[in-house]
Structure formats: structure tokens, C-alpha cells
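Good morning, everyone, and thank you for making time for this. I would like to walk you slowly through one model, so please keep the picture in view while I talk.

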Number of protein chains: 2
Amino acid sequence: MVLMARIGYSKEQEAAKRQDVLDAAMQVFETGGGLEAVSFRSVAAHLGCSYSAPYRYFSGKNELIVALRARAYCWMENVLREAINPADDAPTQLTAVAQAYIRAGLARPTLYALMYFELEGSDLGERSVELKAAKRRALGVCAEVIAAGQARGQLPSQTDALTAAHVFWIGAHGLVSLQVGGQLVMGRTLQQLTPILIRWLGAGLEQSGRIDDVPPQVAVTLRADPKTGKGA
Amino acid sequence: MVLMARIGYSKEQEAAKRQDVLDAAMQVFETGGGLEAVSFRSVAAHLGCSYSAPYRYFSGKNELIVALRARAYCWMENVLREAINPADDAPTQLTAVAQAYIRAGLARPTLYALMYFELEGSDLGERSVELKAAKRRALGVCAEVIAAGQARGQLPSQTDALTAAHVFWIGAHGLVSLQVGGQLVMGRTLQQLTPILIRWLGAGLEQSGRIDDVPPQVAVTLRADPKTGKGA
DNA sequence: CATATTTTGTTGACATCGTTAATTTAACGC
DNA sequence: GCGTTAAATTAACGATGTCAACAAAATATG
């Protein structure tokens with residue numbers, strides 16, 4: 001009748017079980033052909049428990065997927081970190097990070113896609129602090145390189161590091177995402193586009209001191225007609 | 001017993017039915033909350049036929065989705081075409097197209113996502129000539145603007161138009177995709193990033209004559225270890 | 001240690017989905 | 001009208017997400 005004071009032990013046990021479920025889910029994901037193969041039943045079978053047991057640790061499939069996505073971001077973070085040679089200067093490090101991102105996405109397309117997967121109409125991913133932190137850490141690798149380069153005077157400081165990192169992230173993600181999805185048309189290849197994209201973005205960053213403070217040629221219209229998608 | 005010579009009439013009828021199914025599917029998609037709501041059963045109900053009838057016109061759900069994706073590309077193509085003011089010069093048109101793309105993606109995120117949706121492990125989308133043509137037409141809008149600008153001497157011709165269009169497409173898609181997926185972190189907004197991205201890419205394009213023929217600072221490694229995602 | 005309570009896991013069930021097969025209905029040439 | 005072909009319907013199968021009822025194990029309290 002007395003409410004038990006929750007002690008740390010139980011919570012650790014619970015977290016460990018959560019990780020076990022995630023391990024199994026990740027194994028199913030990696031061996032069995034992506035998210036399609038990840039079901040509560042397959043994961044439970046791979047784990048040796050009944051198909052409804054994981055519900056103790058995940059409210060539903062959404063939550064499980066969100067946790068898997070966080071793992072995918074951790075993977076990418078590690079890939080990016082390992083791509084940095086501390087002896088290099090910042091521009092070299094930055095291109096190395098961009099290259100590593102693109103290469104990793106190509107090498108493991110389903111794992112890459114997992115990072116960005118979201119069930120329709122679910123904002124669970126946007127609200128998960130765990131996932132948000134994983135994203136921040138991964139993007140942070142790029143931002144740190146830029147910030148360090150700016151501090152050393154090897155990169156212009158006009159654009160703040162995190163914003164610049166976002167722009168590089170945008171470019172790299174756009175490239176990988178289109179390539180993985182088979183969206184590049186008419187023989188344009190990633191091999192051609194990668195150096196151009198990186199050079200162009202690099203040109204923008206290096207010139208940001210000159211161009212970022214000009215009155216925006218582009219006036220971004222926020223509101224748009226939901227029916228046509230055209231601006232107001 | 002004699003095989004009936006297939007006459008045009010029958011084929012037209014068949015194509016019309018296909019379009020009817022697609023219309024219903026699109027309606028379900030737009031009113032019922034995205035692809036999740038599109039099932040053979042819901043489409044058939046919306047169409048007043050039985051749930052198995054559409055199998056006469058689509059081999060399975062994959063094929064139906066691929067056809068829907070083609071429609072999404074047509075939508076985007078129209079949006080981009082309407083964004084072009086023939087009186088403007090090429091750089092202005094180019095930024096207008098980029099803006100329109102981003103604005104449309106923001107205004108109709110689920111329809112935007114439909115363009116790039118692909119069931120895992122299915123290469124049906126990559127092989128559909130209909131879808132490929134729709135992609136080519138949409139990307140062609142951007143490529144035509146650049147090509148015309150190059151012909152008029154308003155844009156440098158070092159990078160061929162279609163490749164340059166790809167780079168802009170990559171950037172715009174990366175931006176919209178990250179924003180729609182709620183991936184932008186730590187308060188960076190699309191309103192901040194859009195002008196920067198467009199300016200940076202514009203800087204790259206305008207300077208491509210100077211930088212695109214330097215020995216690539218970035219040596220793209222094609223092969224990578226599938227296990228770690230790191231380069232060989 | 002024994003019991004009461006909480007936590008954890010299992011089974012059964014339901015609705016939905018994609019898909020296929022068997023069957024019925026409609027259309028069409030002769 | 002008849003036979004053949006196309007089109008649509010129904011039934012059914014396996015799989016999935018999810019929940020509720022129930023059993024088992026663990027743990028706190030006396």
C-alpha cells in the first residue's frame with residue numbers, strides 16, 4: 001500500500017532492458033533488410049521473448065524507431081569524428097568531414113535513411129530530447145571544425161559556425177539523399193557533383209564576409225498558399 | 001479463341017481507369033493525411049469499387065505509389081514554371097525558382113515528401129520511365145533557366161546547365177527536407193538559412209569559371225567499407 | 001521466512017493491411 | 001443467343017500494431 005520509493009537499481013535495470021531491445025532491433029535492421037523488417041514480433045523473436053514484451057519499454061513502434069534513429073546519428077557522429085585529422089588546417093578538415101558524411105551515406109544507405117525517417121503525422125521525433133541531442137552532437141562535429149578554423153583565422157567569421165555547419169549539412173544531405181534515392185537524372189553522378197558542391201559551398205563560406213551582409217537579393221516569403229504552394 | 005487485336009479504344013479505357021484510381025488515391029492522400037492513409041482498400045472505397053479491383057491497373061502498392069510520385073513531380077514542375085518571370089534576368093529567375101521550390105515544399109510537406117518516397121528495397125521507382133520523365137521535366141525547369149542565362153552571358157558557362165541545376169536542386173532539397181523533418185537544431189531557422197544557401201551556391205556558380213577547373217581539393221573515394229562507412 | 005504488492009512477461013484477440021485465388025458478373029464478337 | 005474474354009467481387013491467408021486479460025517473477029513489508 002505504501003508507494004515504493006523508486007530506487008536507482010530498478011531504473012538501471014529498465015534502461016538495460018531498453019538497450020537490449022534496441023540491440024535486437026538494430027540487429028534485425030542491419031541483417032534483415034532495413035526498417036521494413038523491424039517489427040515488434042521480429043525483434044521479440046530475435047530477443048527470445050514474446051511479441052508484446054517490448055511494450056513495457058517502448059510505448060509503440062514510433063518510440064522504438066525514434067530510439068533507433070538516435071543510434072544512427074551516433075553512428076554518423078563517430079564517422080565524422082574519425083574523419084578529422086587534427087594536424088590539418090580547418091578547410092581541409094571541413095572537406096574531410098563533408099567527404100566522410102557523403103561516403104558513409106553511400107556505404108550504408110539504409111542506415112543513413114534511418115537518421116531521417118519519420119512516420120507521417122508523428123511529431124514524436126521532433127520532441128524526443130534523446131534524438132535531438134544525438135542530432136546536435138553529430139552536427140556539432142562539423143560546427144566545431146568551423147569554429148576552430150574561425151578562431152585560428154583559417155575561415156571567415158562572418159557566418160557563425162553553427163549556421164555554416166547547417167549549410168554544409170544541408171548540401172551533403174541533399175546530395176546523399178538524392179543519390180541514395182536514385183534521383184540524379186541523365187547520367188549526372190555523385191562523383192561529378194560532390195567536388196562541385198563542396199567547392200561551391202566553400203566559395204560561399206570563404207566569401208561570406210563580402211556577400212552575407214548585402215541586402216538579401218532573396219526575400220524569403222514565409223507564408224504560402226497551402227493549395228498551390230505559391231507565395232502570397 | 002482468336003486473340004483479339006488490341007485496339008486503341010481498349011487501351012484508352014484502361015489508361016482512363018488508371019487515372020481514375022490515381023485521382024482517388026491522390027484525393028485520399030491529400031485529405032486523409034498522407035501516404036499512411038492510402039491503401040488499396042481506402043482508395044477503392046473512395047472510388048466505389050471493391051478493394052481488389054485496382055489490381056487490374058496496378059500490380060501492387062509500389063506501382064501505385066510510383067505513379068503518385070510522378071504526380072508530385074508534376075506539381076513541383078508547375079510550381080517552378082509559374083515562378084519564372086520572363087522579364088527577369090537569369091540570376092533573378094534562378095533565385096526565384098529556388099525560392100519557389102523551398103516555399104512549395106514548406107507549404108505542402110506531405111506532398112513534397114511524396115516526391116522522394118521510396119519503399120525500402122524496391123528499385124521500382126528507379127526503373128519507372130514515367131517517374132524518371134517527371135523528374136527530368138521538373139529538374140529541367142531549373143536547367144533551362146541556367147542554360148538560357150548562360151546563352152545570354154548572364155551566367156558563367158564553365159559548369160554545364162544540368163549539372164548546375166543538380167547542385168541547386170541538391171541544396172534546395174537538403175534544406176526543405178531537413179526543415180520538414182524538423183532536423184534543424186538549436187534555433188537555426190529556414191528563414192536564416194535560405195538566403196545564405198542561395199547566396200553561397202550563387203557565389204559558387206558565378207565563380208565556377210575560376211574554381212571548377214582547379215585540381216580537385218576533394219578526391220572523392222568511391223569505395224567504402226560497408227561496415228564502418230569509412231573510406232578504403 | 002511468509003505474504004502482499006508491484007513489476008514483468010505471456011497469451012489471446014481485434015482491426016487493418018497487402019496480396020492471391022476462386023468465383024461471379026459484364027462486355028463483346030459471331 | 002452463345003461462347004469467349006475482360007472486369008470486378010468475395011473469401012481467405014499471413015503479417016502487423018496494439019490492447020486487455022491473465023500468469024509469473026521479483027521485491028518490499030511484516
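**From one residue outwards**

Let us begin with A25(A), which, if we leave aside its neighbours within four places in sequence, is in contact with V38(A), V43(A), L64(A) and L68(A). Before going further, I should say that this is a predicted model.

Where does A25(A) belong in the wider picture? It sits in the largest nonpolar core, which has 133 residues, and A25(A) is among those with the most contacts inside that core, together with C142(A), A25(B) and C142(B). As a general point, nonpolar side chains in soluble globular proteins tend to be buried together.

Next, consider how the chains meet: 72 residues of chain A are in contact with 72 residues of chain B. Several helices each supply at least two residues of the side of chain A that touches chain B, among them α3 (61-82), α7 (129-151) and α8 (161-180), but α9(A) gives the most, with 14 residues. If we divide the residues of that side by character, we find 31 nonpolar, 26 polar and 15 charged.

Finally, let us turn to the DNA. Which residues come nearest to DNA strand C? Of the 21 residues around the strand, they are C49(A), S50(A), S52(A), S39(B) and G60(B). At least two residues of the surface near DNA strand C come from α1 (8-32) of chain A, and at least two from α2 (40-47) of chain B, while the largest share, four residues, comes from α1(A). The residues of this surface divide into eight nonpolar, eight polar and five charged.

Terms used: Residues are numbered from 1 along each chain as its sequence is written. Chains are lettered from A and ligands numbered from 1 in the order in which they are written. This is a predicted model: local features need pLDDT of at least 70, side-chain atom pairs count only at pLDDT 80 or more; totals for chains, interfaces and linings use all residues. Two residues are in contact if their C-beta atoms, placed from the backbone, lie within 7 Å. Ala, Val, Leu, Ile, Met, Phe, Trp, Tyr, Cys and Pro count as nonpolar, Asp, Glu, Lys and Arg as charged, and the others, Gly among them, as polar. A residue is near a molecule or strand if its C-beta atom, placed from the backbone, lies within 6 Å of it. A nonpolar core is a set of buried Ala, Val, Leu, Ile, Met, Phe, Trp, Tyr and Cys residues joined through C-beta atoms within 7 Å. A residue is buried if 20 or more other C-beta atoms lie within 10 Å of its own, exposed if 12 or fewer, and partly exposed in between; C-beta atoms are placed from the backbone.
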